[in-house]
Amino acid sequence: MKVPFLDLKAQYDSIKPEIDKAIKEVIDNTAFVLGPSVQRFEENFAEFCNAKYAIGVNSGTAALHLALLSLGVEPEDEVITVPNTFIATAEAISHCGATPIFVDVNEYTYTMDYTKLEEKINSKTKVIIPVHLYGRPADMERVNELAKKYNIKVLEDACQAHGAEYKNERVGSLTDISAFSFYPGKNLGAYGEGGMIVTNDKELAKKCKLLRAHGEYPKNIHSIIGYNYRMDGMQGAILNVKLKYLNQWNEARKDKAKIYNKLLDGIEGITLPIMYDDDIYDSVFHLYVIRIKDRESLREFLQSKDIATGIHYEFPIHLQGAYKNLGLVEGDYPISEKCMSEIVSLPIFPELTEEQIEYVCESIKEWKNGT
Ligand SMILES: *Cc1c(COP(=O)(O)O)cnc(C)c1O
């Protein structure tokens, strides 16, 4: 049996007529950049997040960057985030000329360890970016409390967590501002690049809207230096169709994660995602990540069984060459370093079948018995 890591074609096949119609409409109307399809999608996505404003942009990275700029992040400022995230979280900070400051994560949730957050805050700290990694919300209440105490803003990196809920509230509406990605493999994926800023703050929304399109408003009047971060009309149209199915797809992911957890329960040496607190941290399982000491051997074995796996992510940001100027070394963030040397992402997507999950779990047991 073949188990791919992701099957974007299967998803397209399930909604082909609707998608094809939406694409054709954009071409017929020639509204290729922003336009009515993007505006409709912004309204619907804001509603989906239970927030007031959504601003469509052309990547999650752009969304993070503009959100930080709208919060007033400048060179000399410090922005706090975690070292175990996609590098874009840190890049967005660097694009503002500011410095990323890392806080280690919790060993089981893989999200920011708020007990280590306060010691990183100082007079230069402008923003905190908790990352809802793998689709699981970070502990937003604690982060918001500390931010309030020190008069700092908070930006949710929700690029992996469309539809996730923390204490029954949707991510995207849990703090000052948030950023989403519609990279094709995300829970809500475009047919190309895409991203979104979500906020309840009218001023921040206005600033982001200006910044995404050359600081232009009204036409030919450029009040600030902006960017070309506009969303394509085609992506807006496609995402609008797909948004209708997102709740259903997220539920399917959660079901798959439950099956994995049940079938892999009790295998010695394997750490599973925690699910016992899902009434508070309602993950949408963008990724299903287990931990194991001997991961390369497991990955090779699964590869030989036609099962694809991934690593998200292999190296913490403080040890990447791009950030060597920060002067951080191995041992500075021991939990992130340990987790990142042991994690393996197993296939998870809405169309994955129960038979495929059983086959993956049986294969893992076979590997375990053979080692
Ligand atoms: C995907 C992702 C991003 C970047 O999004 P792009 O759309 O690829 O620019 C940022 N942060 C996290 C956590 C992500 O997973």
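**Exercise 1.** In which loop does P218 lie?

*Solution.* The model examined here is predicted. Step 1: locate P218, which is placed in the loop between α7 (202–212) and α8 (233–264). Step 2: inspect the peptide bond that leads to this residue. The bond from Y217 to P218 is cis, with omega near -15°. Step 3: examine H214, whose place is also in the loop between α7 and α8. H214 is not a glycine, yet its phi is positive, at about 60°. Step 4: set these findings against the general pattern. Most peptide bonds are trans, and most residues other than glycine have a negative phi.

**Exercise 2.** Determine whether the peptide bond from H312 to Y313 is cis or trans, and locate Y313.

*Solution.* Step 1: read the omega angle, which is near 5° for the bond from H312 to Y313. This bond is accordingly described as cis. Step 2: place the residue in the chain. Y313 belongs to the loop between α9 (295–304) and α10 (334–342).

**Exercise 3.** Describe the surroundings of the ligand, beginning with the pocket in which the ligand sits.

*Solution.* Step 1: identify the site; the ligand occupies the largest pocket. Step 2: assign the shell to elements. Two elements, α4 (60–70) and α5 (88–95), give two or more residues each to the shell around the ligand. The largest share, 3 residues, is that of α4. Step 3: sort the shell by class, which yields 6 nonpolar, 8 polar and 2 charged residues. Step 4: name the nearest neighbours. Of the 16 residues around the ligand, those that come nearest are G60, T61, Q160, S181 and K186.

**Exercise 4.** Examine the distances from the ligand to the side chains of D157, S181 and K186, and state what share of the ligand is buried.

*Solution.* Step 1: consider the ligand's nitrogen. One nitrogen atom lies 2.9 Å from an N or O atom in the side chain of D157. Step 2: consider its oxygen. A polar side-chain atom of S181 is 2.6 Å from an oxygen atom of the ligand. For K186, an N or O atom of the side chain is 3.0 Å from an oxygen atom of the ligand. Step 3: apply the cut-off for a polar contact, a pair of N or O atoms within 3.5 Å. Step 4: turn to the area. The ligand taken alone exposes 380 Å², of which the protein buries 94%.

**Exercise 5.** Why is the pair formed by the rings of F45 and F182 classified as it is?

*Solution.* Step 1: note that the whole structure contains 14 aromatic pairs. Step 2: use the geometry. The ring centres of F45 and F182 are 5.4 Å apart and the planes stand at 90°, so the pair is edge-to-face. Step 3: locate both residues. F45 is in helix α3 (residues 35–48), and F182 is in the loop between β8 (177–181) and β9 (195–199). The pair thus links distant parts of the chain, 137 residues apart.

Definitions and conventions:
Residues numbered from 1 in each chain as written. Predicted model: local features only at pLDDT ≥ 70, side-chain atom pairs only at ≥ 80, totals over all residues. Heavy atoms only, no water. Near = heavy atom within 4 Å. Polar contact = N/O pair within 3.5 Å; in protein donor to acceptor, adjacent residues only side chain to side chain. Areas by Shrake-Rupley, 256 points an atom, 1.4 Å probe, with all protein chains shown as cover. 1 Å grid on protein atoms, 1.4 Å probe; cavity = no way out; pocket = protein on both sides within 12 Å on 5 of 7 lines; lining within 4 Å. Sits in = over half its atoms within 2 Å of the grid points. Helix = DSSP H or I, 4+ residues; strand = E, 2+ residues; numbered from the N terminus. Nonpolar A, V, L, I, M, F, W, Y, C, P; charged D, E, K, R; others polar. Phe/Tyr/Trp six-rings, centres within 6.5 Å; stacked < 30°, edge-to-face > 60°.
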